[in-house]
Amino acid sequence: MITAMAGGQTGASPVEAGQSLGRAWQPYRGVYDVRGRLSRSMMITLIALPIGLLLLSVIRLLIVADYNPATASAIASSGGYVDTLLGAIIPLVPIFTPYLGLLLLFFNRVIAGMLMLLAAAFMSPLALARPVALHLPSHDWHSAIHRSPLVLLVMIALAAAFAVLLALELGMGLTVVARTVGTVACILLVPFVMTLVPFPLTHEFYTEVLRQPWQPAEVITLTSGQRLVGYVLSDNGTWLVVLSEGTRTVSYYRPAQVASRQICQITSARPAQPLIPVLPAHQKSATSTPACAGLLTRSPR
């Protein structure tokens with residue numbers, strides 16, 4: 001029943017009033033709408049992940065092409081867009097995996113961060129020799145405890161404050177404790193990870209990795225006697241598409257113009273191994289792939 005109110009306004013029935021209150025309260029249920037938040041997070045992830053991978057591949061492709069868009073387009077069209085996308089992204093995965101694990105730890109994704117750091121231990125190349133990397137924690141601990149008394153007192157005070165904080169958080173549940181431990185572990189692991197795997201674009205360790213194309217380098221000898229070091233982008237029997245190592249320009253050759261091709265490596269440095277190699281490579285003997293510089297200076301047969 002609707003009752004007339006003063007001023008010409010009408011009052012709603014209790015059922016309608018309850019519905020109005022429910023509708024009014026609904027916008028404020030976002031904090032408790034777990035299913036809606038998860039669905040929105042998954043939707044954002046599904047949208048952002050392909051865009052992020054595409055941006056990474058474009059940046060890597062521009063680095064390989066010396067930031068020449070025409071050369072980058074020629075590389076992508078010659079090798080195929082899918083192969084270019086995968087070839088540009090796969091070499092970057094081992095480089096960024098440790099820092100992605102630290103980022104997940106910092107944002108309280110403890111399990112995902114630990115799994116990411118474990119994956120990095122199996123595939124991320126080390127900037128140090130493996131024996132040195134394994135003894136690095138003990139060396140850091142020895143350097144930390146052999147300090148001045150004042151520094152030791154500060155470290156003990158910080159450790160005691162951290163222990164008290166964890167004791168207070170135990171009453172809030174293990175989830176809160178795990179998040180605090182993950183954030184502190186991220187801060188403590190930053191110097192260790194940056195020593196083992198230097199951050200990209202700030203160290204010579206990644207200069208060759210970021211600029212190196214995903215195809216193997218080859219010494220191509222032409223019938224005219226000219227030799228060049230490049231990367232074969234495509235060989236369809238009609239044209240041989242080659243990206244030059246020095247000038248980073250794309251050249252096209254007829255098969256009749258090519259006398260020989262031989263795979264080589266730009267540097268003689270041995271490939272870096274991860275912290276925990278699944279199948280340790282034989283690093284005692286020199287690699288069987290010859291250096292490109294040596295093939296260029298060798299007299300033709």
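**Entry 1. The cores**

A nonpolar core is a set of buried Ala, Val, Leu, Ile, Met, Phe, Trp, Tyr and Cys residues joined through side-chain atoms within 4.5 Å. I began with this term and then looked for such sets in the structure, which is a predicted model. The largest nonpolar core has 16 residues. I noted I75, V219, L243, C264 and C292 as the residues with the most contacts inside this core. I then looked up which elements give two or more residues to the core: they are the helices α2 (34-64), α3 (69-79) and α12 (292-297), together with the strands β1 (217-222), β2 (227-235) and β3 (240-244). A second core, separate from the largest one, has eight residues, and L222, L228, L240 and V258 are among them. As general background I recorded that nonpolar side chains tend to be buried together in soluble globular proteins.

**Entry 2. The whole chain**

I next recorded the overall figures. The secondary structure of the protein consists of twelve helices and five strands. Of the 301 residues in the protein, 27% are buried. I also looked up the accessible surface, which comes to about 20,200 Å², and carbon and sulfur atoms hold 69% of that surface. Among contacts with a separation of 6 or more, 59% join residues that are 24 or more positions apart.

**Entry 3. C292 and I263**

Which residues does C292 touch, leaving out those up to four places away in sequence? I found A217, V219, V229, C264, Q265 and I266. Of these, V219 and C264 are listed with C292 among the residues with the most contacts inside the largest core.

I then turned to I263, which is placed in strand β5 (residues 258-264). Is I263 buried or exposed, or does it fall in between? I263 counts as partly exposed, because its relative accessibility is 47% and the partly exposed class lies between 20% and 50%. The C-alpha atoms of I263 and C292 are 8.2 Å apart, although 29 residues separate the two along the chain. Beyond four places in sequence, I263 touches P216, A217 and E218, and also T289, P290 and L295.

**Entry 4. Helix pairs**

I examined two pairs of helices. The first pair is α5 (residues 93-106) and α6 (residues 110-123), whose axes come within 8 Å and cross at roughly 155°. The two helices are therefore roughly antiparallel, since angles over 145 degrees fall in that class. The crossing of α5 past α6 is left-handed. On the α5 side, the residues that meet α6 include V93, P94, T97, L100 and L104. On the α6 side, the residues that meet α5 include V110, M114, L117, A120 and M123.

The second pair is α3 and α4 (residues 81-89), which pack at an angle of about 115° with their axes 6 Å apart. I therefore recorded α3 as roughly perpendicular to α4, because that class runs from 65 to 115 degrees. Here I75, A76, S77 and G79 in α3 meet Y81, D83 and T84 in α4. I75 also appears in the list of residues with the most contacts inside the largest core.

**Entry 5. Two residues with positive phi**

I looked up two residues other than glycine that have a positive phi. D66 has a phi near 55° and lies in the loop between α2 and α3. R248 has a phi of about 55° and is found in the loop between β3 and β4 (250-253). What is the relative accessibility of R248? The value is 2%, so R248 counts as buried, as the limit for that class is under 20%. D66 is partly exposed, with a relative accessible area of 37%.

**Entry 6. T221 and D235**

I closed with two strand residues. T221 is in strand β1 and is buried, with a relative accessible area of 13%. Apart from neighbours within four places in sequence, T221 is in contact with Q226, R227, V258, A259 and S260. V258 also belongs to the second core.

D235 is in strand β2 and is partly exposed, with a relative accessible area of 46%. From C-alpha to C-alpha, D235 and P255 are 8.7 Å apart, and 20 residues separate them in sequence. Which residues does D235 touch, not counting those up to four places away in sequence? I found L240 and R261. L240 is also included in the second core.

Definitions and conventions:
Residues numbered from 1 in each chain as written. Predicted model: local features only at pLDDT ≥ 70, side-chain atom pairs only at ≥ 80, totals over all residues. Heavy atoms only, no water. Helix = DSSP H or I, 4+ residues; strand = E, 2+ residues; numbered from the N terminus. Buried < 20%, exposed > 50% of the residue type's maximum accessible area, 1.4 Å probe, protein only. Contact = heavy atoms within 4.5 Å. Areas by Shrake-Rupley, 256 points an atom, 1.4 Å probe, with all protein chains shown as cover. Axes fitted to C-alpha atoms, helices over the stretch in contact; angles between N-to-C directions. Parallel < 35°, antiparallel > 145°, perpendicular 65-115°, else oblique. Left-handed = near helix turned anticlockwise from the far one by under 90°.
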